[in-house]
Amino acid sequence: MQGYIDCHCHISARDFDNDIDDIIESSKQVGIVALLAVAEHVGEFEKIIQLSQRFSGFIMPCLGVHPVQGTDTAHQERGAFPEDLDAALPLIEKYKEDIVAIGEVGLDFTPRIVSSDTGKESQRQVLIRQAELAKHLNLPLNVHSRSAGRPTIHLLKELGVEKALLHAFDGKPSVAMEGVKAGYFFSIPPSIVRSEQVIVILHVSQKLVKQLPLENMCLETDSPALGPEKQVRNEPKNIIISAEYIAKVKGIPLQRVMEVTTQNALRLFPKLKTLIRV
């Protein structure tokens with residue numbers, strides 16, 4: 001299949017409400033054949049499903065409970081609680097035939113989000129239950145692991161998770177290689193090109209690109225976040241920036257990056273093969 005797959009974006013974000021048609025058109029113009037729309041909380045599930053119906057064969061829904069809650073409300077950000085998942089499960093069950101993954105799920109141990117062992121354990125329980133759900137539904141996980149790379153990969157392995165995408169991984173490359181051995185994939189966002197800034201996460205990401213086998217890499221934008229310019233709305237069309245960076249670092253043709261990452265995405269998210277309309 002020719003074309004790019006954005007394996008992790010927030011196309012349901014309010015940032016895109018006023019120009020969603022233009023965003024989709026510009027995505028297609030750069031060669032994107034599918035956008036995987038991830039959820040953060042139950043309040044956006046229906047919107048993601050509606051977008052996937054409106055742009056059928058292009059927007060692919062992923063439903064799950066993010067480890068950080070309160071991001072889309074007036075409430076302060078906090079770690080996920082089991083009750084957040086309880087509220088989400090009926091809708092995941094309702095749309096289980098339509099979704100291509102459970103996500104965005106994971107762990108986020110950023111100190112301002114969670115500072116206690118109790119808070120971390122709460123996130124762990126939410127992830128454990130969603131991993132079990134993914135197994136039951138035979139779906140992959142679309143995973144967040146900010147400031148928690150090692151705990152996330154170790155927990156996924158402990159749970160016997162076989163199919164997982166680690167998005168915008170900020171852990172050490174050595175930890176990522178543990179994920180590679182477990183068969184996990186890692187997606188690279190356009191923010192990777194912010195190379196001259198002395199920011200640990202970006203330097204780690206660039207080392208990650210060098211060390212990860214192309215056969216374990218996918219592309220993402222995390223739109224509207226993680227764009228090539230800080231504090232500027234990111235868009236799916238910037239997927240090409242991720243691909244070009246990988247090609248440069250690996251010393252391989254851009255076409256090769258497109259072909260391999262797309263095949264990787266089709267292996268990781270097998271439902272895409274029957275849903276994508278090119």
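User: How much space lies in the second largest pocket, and what makes it a pocket?

Analyst: About 250 Å³ of space lies in this pocket, in a model that is predicted, so local features need pLDDT of at least 70, side-chain atom pairs count only at pLDDT 80 or more, and totals for chains, interfaces and linings use all residues. Residues are numbered from 1 along each chain as its sequence is written, and side-chain values use heavy atoms, without hydrogens and water. A pocket is an open set of points on a 1 Å grid over the protein atoms alone, with protein on both sides within 12 Å along at least five of seven lines. Its volume is the space filled by probe spheres set on the points, which are joined across faces, edges and corners.

User: Which residues are closest to the centre of that pocket, and which helix gives the most to its lining?

Analyst: Of the 15 lining residues (an atom within 4 Å of a point), Ala 134, Asn 138, Leu 139, Pro 140 and Lys 163 are closest to the centre. Helix 4, residues 117–137, gives the most, with four residues; helices (H or I, at least four residues) and strands (E, at least two) are DSSP runs numbered from the N terminus. The lining divides into nine nonpolar, two polar and four charged residues. Here Ala, Val, Leu, Ile, Met, Phe, Trp, Tyr, Cys and Pro count as nonpolar, Asp, Glu, Lys and Arg as charged, and the others, Gly among them, as polar.

User: What makes a space a cavity instead, and how many of 30 Å³ or more does the search find?

Analyst: In a cavity, a 1.4 Å probe fits but cannot get out. The search of the whole structure finds one of 30 Å³ or more, and the largest has a volume of about 30 Å³. Ala 168, Phe 169, Ser 187, Ile 188, Pro 189, Ile 192, Ser 205, Leu 208 and Val 209 line this largest cavity. Strand 9 (185–188) and helix 7 (200–211) are the elements giving two or more residues to that lining, and helix 7 gives the most, with three. The class count is seven nonpolar, two polar and no charged residues.

User: Why are helix 5 and helix 6 called roughly parallel?

Analyst: Axes are lines fitted to C-alpha atoms, for helices over the stretch in contact, and angles run from 0 to 180 degrees between N-to-C directions. The axes of helix 5 (149–158) and helix 6 (173–181) come within 9 Å and cross at roughly 15°. Angles under 35 degrees count as roughly parallel, so these two helices earn that name. Their contact (heavy atoms within 4.5 Å) is made by Gly 149, Arg 150, Ile 153, His 154 and Lys 157 of helix 5 and Val 175, Ala 176, Glu 178 and Gly 179 of helix 6.

User: How do you know how helix 3 lies relative to helix 4?

Analyst: Helix 3 (residues 82–94) packs against helix 4 at an angle of about 20°, with the axes 9 Å apart. Helix 3 is therefore roughly parallel to helix 4. Pro 82, Leu 85, Asp 86, Leu 89 and Ile 92 of helix 3 meet Ser 122, Val 126, Arg 129, Gln 130, Leu 133 and Leu 137 of helix 4. That contact has seven nonpolar, two polar and two charged residues.

User: Where is the peptide bond cis, and what is omega there?

Analyst: A cis bond joins Gly 103 and Glu 104, with omega about 20°, and Glu 104 sits in strand 6 (residues 101–106). The bond from Ser 223 to Pro 224 is cis too, with omega near 5°. Pro 224 belongs to the loop between strand 10 (217–219) and helix 8 (239–250).

Definitions and conventions. Parallel < 35°, antiparallel > 145°, perpendicular 65-115°, else oblique.
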